[in-house]
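Please open the model in your viewer and keep the selection panel at hand. We will go from the whole chain to its empty spaces, stopping at a few residues on the way.

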Amino acid sequence: MRTRITGFLSALAFTSLLAPPALAQPLPRSVVIGTTTPGTVFYALAVGLAKVASEAGPIPATIQPYTGTSTLLPLLDSGELDFALVNGVDLGMAYAGPHKIKVGGKNDFPHSPNIRLVMRGAPLMLALLVKKDSSLKSIHDVKGKRVTGEYPAHQAVWFNMFGLLANAGLSWKDVTVVPVPAVNDGVDALVQGRADVTVHAVGAPKVREADAAVGVRHLSADCSPEGDQRVRQAVPGYGTRVVKAASAPAMVGDTCVVIYDIYFSTHKALPDPVVSALLKALWDNEAKLKPIHPTFREWTQARAASAEITIPYHPAAIKFYREKGVWKPEMDQAQAKLLQN
């Protein structure tokens with residue numbers, strides 16, 4: 001009797017080895033990508049990522065907009081949300097927690113130790129915005145002006161404006177703050193004449209909408225070595241670059257903007273096959289992203305794996321990049337350092 005039971009168990013074990021992995025852990029019927037509200041660049045990019053992933057991969061992806069990073073991060077950290085499109089600065093602050101890092105004395109992001117990186121995307125470009133007929137010529141002219149601020153529902157934009165003010169050697173005390181909830185509300189305040197200066201991402205649909213309504217233009221920041229250093233010191237992860245005239249809505253002249261990385265992220269408990277499926281679909285179909293939005297021009301395979309990161313990668317992403325031959329020793333070092341937090 002014992003021999004027959006042993007034989008049965010051996011046969012069962014052998015059969016399980018032959019079973020396809022998919023049977024052991026079936027893929028979900030769909031996944032959700034969290035992002036910010038319509039009118040933002042992040043929303044437009046999330047739509048593009050979901051479209052390409054759904055068409056090219058085995059798992060349909062849908063998007064779910066939220067007011068801001070502060071709203072969606074707890075859902076991502078807990079696993080209620082599968083993926084999210086968030087900038088690397090916000091994610092780094094949330095991952096480390098307010099007890100370890102603050103910018104401008106502020107970090108109200110909920111501590112999110114479970115978030116993980118799937119893919120380092122393109123840099124996001126952001127710039128100040130004024131009405132086209134404004135007398136302001138550069139960021140150094142905003143002192144004493146009405147500038148949108150507070151952003152309780154969209155904390156990321158508080159850091160955007162804080163960094164831009166620092167770029168000119170200014171602080172909140174040097175301007176009159178016009179309280180607004182989120183980034184699109186700041187543009188509404190500008191259009192309605194309640195504010196002189198606001199901020200938004202370059203190429204955002206909301207900027208195009210404002211330009212059609214009243215005429216707006218991006219106001220140049222300071223791309224001098226001193227200006228670049230000021231913004232980098234104010235908000236780690238920020239930098240500057242010059243954008244050519246007419247390359248985006250409201251870009252009436254060559255304009256200095258602030259840049260920082262966009263991350264396609266998940267949480268550590270998401271099963272490896274799900275992460276691998278989405279990552280493969282996006283990696284293999286990079287060319288299909290580019291016509292969807294100008295920001296996708298820099299969403300490249302060469303940028304996907306990096307040692308310059310603020311949160312650790314998901315293990316499935318590391319395995320994928322190793323197989324593609326793009327995972328480097330310095331990335332192991334960055335990963336290990338972040339996991340010590």
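What follows is a tour in stops, each with something to select.

**Stop 1: the whole chain**

Start with everything shown as a cartoon, and keep in mind that this is a predicted model. Colour it by pLDDT: the average over the protein is 92, and 93% of the residues score at least 70. Now select residues 1-23, where the pLDDT is below 50. Apart from near neighbours in sequence, this stretch makes zero contacts in the model.

Switch to colouring by secondary structure, and you should find 14 helices and ten strands. The radius of gyration is 22 Å, close to the 20 Å that the globule rule gives for 341 residues, so the protein is as compact as a globular protein of that length. Turn the C-alpha trace along its principal axes and it spans about 95 × 40 × 35 Å.

Two numbers help before zooming in. Of the 341 residues, 53% are buried. Among contacts with a separation of 6 or more, 74% join residues 24 or more positions apart.

**Stop 2: the largest pocket**

Select P236, G237, E308, I309 and T310, which lie nearest the centre of the largest pocket. The volume of this pocket is about 700 Å³, and its lining comprises 31 residues.

Which elements should you colour around it, each supplying at least two residues of the lining? They are α5 (88-96), β4 (115-131), β9 (239-243), β10 (255-267) and α14 (329-339). Give α5 a colour of its own, as this helix contributes the most to the lining, with six residues. If you colour the lining by class, you will see 16 nonpolar, seven polar and eight charged residues.

**Stop 3: the second largest pocket**

Keep β4 and β9 coloured and move on to the second largest pocket, with a volume of about 220 Å³. It is lined by 14 residues, and the closest to its centre are M125, P294, T295, R297 and E298. Both β4 and β9 give two or more residues to this lining, with β4 providing the largest share, three residues. By class, the lining holds seven nonpolar, four polar and three charged residues.

Stay here and centre the view on E298, one of the residues closest to the centre of this pocket. E298 sits in the loop between α11 (286-289) and α12. Is E298 buried, partly exposed or exposed? Its relative accessibility is 30%, so E298 counts as partly exposed.

Next, show the residues that E298 touches beyond four places in sequence: G121, A122, P123, R241 and R303. Draw a C-alpha to C-alpha distance from E298 to P123; it reads 7.2 Å, although the two are 175 residues apart in sequence.

**Stop 4: a short step to α12**

From the loop, step into helix α12 (residues 301-304) and select Q301. At 32% relative accessibility, Q301 counts as partly exposed. Which residues does Q301 contact, leaving aside neighbours within four places in sequence? Show W283 and E286 to see them. For another distance, pick the C-alpha atoms of Q301 and Y321: they are 9.8 Å apart in space and 20 residues apart in sequence.

**Stop 5: the cavity**

For the last stop, turn from open pockets to enclosed space. Rolling a probe the size of a water molecule over the atoms shows where empty space is left. How many cavities of 30 Å³ or more are there? The count comes to one, and its volume is about 200 Å³.

Select F42, L124, H154, N160 and Y260, the residues nearest the centre among the 20 that line the cavity. Then colour α3 (41-56), β3 (83-87), β4, α6 (155-167) and β7 (198-201), each of which supplies at least two lining residues. By class, the lining has twelve nonpolar, seven polar and one charged residues.

Finish on N160, which you will find in helix α6. With a relative accessibility of 8%, under the 20% cut-off, N160 counts as buried. Beyond its neighbours within four places in sequence, N160 is in contact with L126, V199, Y238 and Y260. Keep Y260 highlighted, since this contact of N160 is also among the residues nearest the centre of the cavity.

Conventions
Residues are numbered from 1 along each chain as its sequence is written. This is a predicted model: local features need pLDDT of at least 70, side-chain atom pairs count only at pLDDT 80 or more; totals for chains, interfaces and linings use all residues. Side-chain values use heavy atoms; hydrogens and water are left out. On a 1 Å grid over the protein atoms alone, a cavity is a set of points where a 1.4 Å probe fits but cannot get out, and a pocket is an open set with protein on both sides within 12 Å along at least five of seven lines; lining residues have an atom within 4 Å of a point. Grid points are joined across faces, edges and corners, and a volume is the space filled by probe spheres set on the points. Helices (H or I, at least four residues) and strands (E, at least two) are DSSP runs, numbered from the N terminus. Ala, Val, Leu, Ile, Met, Phe, Trp, Tyr, Cys and Pro count as nonpolar, Asp, Glu, Lys and Arg as charged, and the others, Gly among them, as polar. pLDDT is the predictor's confidence in each residue, from 0 to 100. Contact means heavy atoms within 4.5 Å. The radius of gyration is taken over C-alpha atoms; the globule rule is 2.2 Å times the number of residues to the power 0.38. Buried means under 20% relative accessible area, exposed over 50%, partly exposed in between (1.4 Å probe, protein chains only).
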